[in-house]
Amino acid sequence: MIEIEGLRKRFGEQVVLDGVDLVIHEGETMALLGPSGTGKSVLLKHIIGLIRPDDGRVVVDGQDVESLKRDELSRLRRQIGYVFQNGALFDSMNVFENIRLGLTDMKQYNDKEFCQERVAQCLALVNLAPETAAKFPAQLSGGMRKRVGIARAIAGAPKYLLYDEPTSGLDPVNADIIDDLVKRLDSELGVTSIMVTHDVRGAFRVADRLALLMNGRVVLHGTKEEFLASDLPEVKVFLERDTDDTSFAA
Amino acid sequence: MTALVLQAPRFVGRLVMGSLAHVGRFSLLVSELVRGLAEWRIWLPRTFVEAYNIGYGSLFIVLLISGFAGGVTALQAGYQWQSSLPMYVLGTLIVSSVVLELGPVLTALVLAGRIGARYAAELGTMRVTEQIDALESLGRSPASHLLIPRILAGLVMIPVLTVFANIMACVAGWYLVKQVLPITDADFIYGMQYYWRDFDGWYSIIKAFFFAGAITLIPCYVGFNTKQGAEGVGRATTAAVVNASVLILLLDVLLAKLLLNT
């Protein structure tokens with residue numbers, strides 16, 4: 001379980017998070033919605049300890065992330081797969097090496113046969129051909145890079161998966177492919193997921209629960225039905241802005 | 001005028017705070033490097049790759065520049081030559097200038113541009129494209145994966161390249177001085193050996209080792225702390241080369257004072 005309590009963060013004069021409270025339960029997929037620049041990615045980076053909060057805390061499986069020592073934080077990070085917005089693949093390594101780096105157990109990492117097998121499994125899970133393993137990130141399309149990023153995140157069999165805008169910059173067809181992939185992985189691997197997105201349609205397709213982040217605070221969190229029934233002006237404006245037809249939520 | 005006076009303390013304050021922040025970040029980087037040394041299985045194979053890239057990749061430009069430097073030293077010696085001096089002094093002059101100063105300093109300045117710029121740009125790009133964050137998110141240490149291999153490879157290969165540069169410059173100087181002055185090989189070798197002290201060779205290598213520290217540590221630090229996209233990478237690359245070059249020149253003076261007892 002991930003618990004976020006009173007999280008505050010500012011960069012210079014700009015307040016990005018202003019007291020965020022949120023709980024993500026075991027096994028659920030939470031979509032974190034909000035317009036660009038509202039601190040969704042910053043919130044996600046707090047969970048994995050890449051950013052330290054000014055105030056408040058993030059608790060993962062009962063461990064306060066900020067108070068963890070270096071080795072404890074590394075151990076926690078090995079339980080969390082993070083899918084970066086643009087893949088964040090290592091340019092100098094091919095796809096095989098990129099995914100292999102996701103193997104957080106050093107015994108497995110040094111076992112060549114295991115690595116071959118695991119990389120092939122991960123590529124299959126994200127619907128990529130085995131030949132992709134030999135390619136370099138520069139030879140991949142945007143959608144393929146995102147999928148390799150997901151494959152790297154799942155290689156170490158994490159307990160949690162954090163997706164940072166997995167469909168941004170993709171055409172609707174590829175965005176749907178990624179959304180379906182996220183949904184399938186969550187059910188097949190049984191992980192707890194948080195998906196940061198500003199794509200309401202995708203969030204409604206994938207998530208069990210949603211949270212809307214605006215002006216540094218969570219204005220609403222709940223099920224799709226609760227979102228659709230909400231009278232909060234921020235929620236209505238956000239839902240109407242992204243789509244004028246919410247029937248897809250049914 | 002009043003506004004300027006009022007702004008001065010703020011400017012000084014920012015400067016002091018900025019400097020302290022650099023000291024703090026640099027200290028953290030060094031502590032990360034020390035901790036990362038334990039992960040030798042990670043950094044050792046990468047160090048060999050980096051060492052090959054630095055050594056083999058820089059050899060041509062280092063030999064070219066040192067060859068020209070040695071040649072020009074010989075030609076200028078010919079221009080300024082006084083016939084009252086014995087010919088063998090030319091051997092001493094060329095070899096000492098090259099080994100004590102030209103070889104290590106020119107090699108370091110060239111490599112500050114070639115390797116320093118590359119390190120800063122690579123690490124800066126990795127920072128702004130979240131590749132370093134990705135490494136950390138996987139529970140891996142950027143120090144053992146990215147920094148230690150680059151720094152160790154530089155610390156080993158830059159002194160080696162300096163030795164090659166010294167040899168090339170001496171050979172080029174020897175060849176060209178024979179074209180402008182009537183000096184024999186025996187005279188040149190005699191002069192080269194007459195004032196030669198083994199310490200001169202060690203001094204050259206010690207200097208190269210310190211310069212290697214400047215060429216690798218500063219660009220790694222600057223690149224690792226890059227911010228603000230492509231513009232930030234450009235700024236980091238320039239800052240890395242300029243700061244490393246200035247530090248090389250400062251170290252040159254400092255080491256001459258400390259090691260040569262002048």
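Hi everyone, this is a short walk through the sheet, the core, the chain contact and one helix of a predicted model.

Let's begin with the sheet in chain A. Which order do its strands take? Reading across, the order is β2-β1-β4-β5, four strands in an open sheet with antiparallel pairing. At the edges stand β2 and β5 (63-64) of chain A; each has a single partner strand, so one side of each is left without a neighbour in the sheet. If sheets are new to you, a quick reminder: strands of a sheet pair through backbone hydrogen bonds, either parallel or antiparallel.

Now please find strand β1 of chain A, residues 2-11. Towards β2(A), residues 14-24, β1(A) runs antiparallel and is joined by eight bridges. You can check one spot yourself: A:I2 stands opposite A:I24. These two strands make a hairpin with two residues between them. Look in the turn for A:G12, which has a positive phi of about 65°.

β1(A) also pairs with β4(A), residues 55-60, again in the antiparallel sense, this time over five bridges. Two pairs to look for here: A:E3 has A:V59 as its bridge partner, and A:E5 stands opposite A:R57.

Next, the inside. How many residues does the largest nonpolar core have? The answer is 140, and among those with the most contacts inside it are A:L32, A:L162 and B:I215. Let's pick A:L162 and see who it touches. Leaving out residues up to four places away in sequence, its contacts are A:L44, A:I47, A:I48, A:I80, A:Y82, A:V83 and A:I194.

On to where the two chains meet. Chain A brings 14 residues to the contact and chain B brings nine. On the chain A side, helix α2(A), residues 70-77, gives the most, with three residues. By type, that side of chain A divides into seven nonpolar, four polar and three charged residues.

Last stop: helix α1 of chain B, residues 2-36. From first C-alpha to last, this 35-residue helix reaches 51 Å, close to the 51 Å expected at 1.5 Å a residue. Where does α1(B) bend? Look at B:A8: the bend there is about 30°, and a proline, B:P9, follows within four residues. And is α1(B) mostly buried or in the open? Of its 35 residues, the number buried is one, so α1(B) lies largely in the open.

That's my tour. Thanks for listening, and do turn the model around yourselves!

How values were computed
Residues numbered from 1 in each chain as written. Chains lettered and ligands numbered in written order. Predicted model: local features only at pLDDT ≥ 70, side-chain atom pairs only at ≥ 80, totals over all residues. Pairing = 2+ DSSP bridges. Contact = placed C-beta atoms within 7 Å. Nonpolar A, V, L, I, M, F, W, Y, C, P; charged D, E, K, R; others polar. Core = buried A, V, L, I, M, F, W, Y, C linked by C-beta atoms within 7 Å. Buried ≥ 20, exposed ≤ 12 C-beta atoms within 10 Å, placed from the backbone. Expected span 1.5 Å × (residues − 1). Bend = angle between axes of the 7 residues up to and from the residue.
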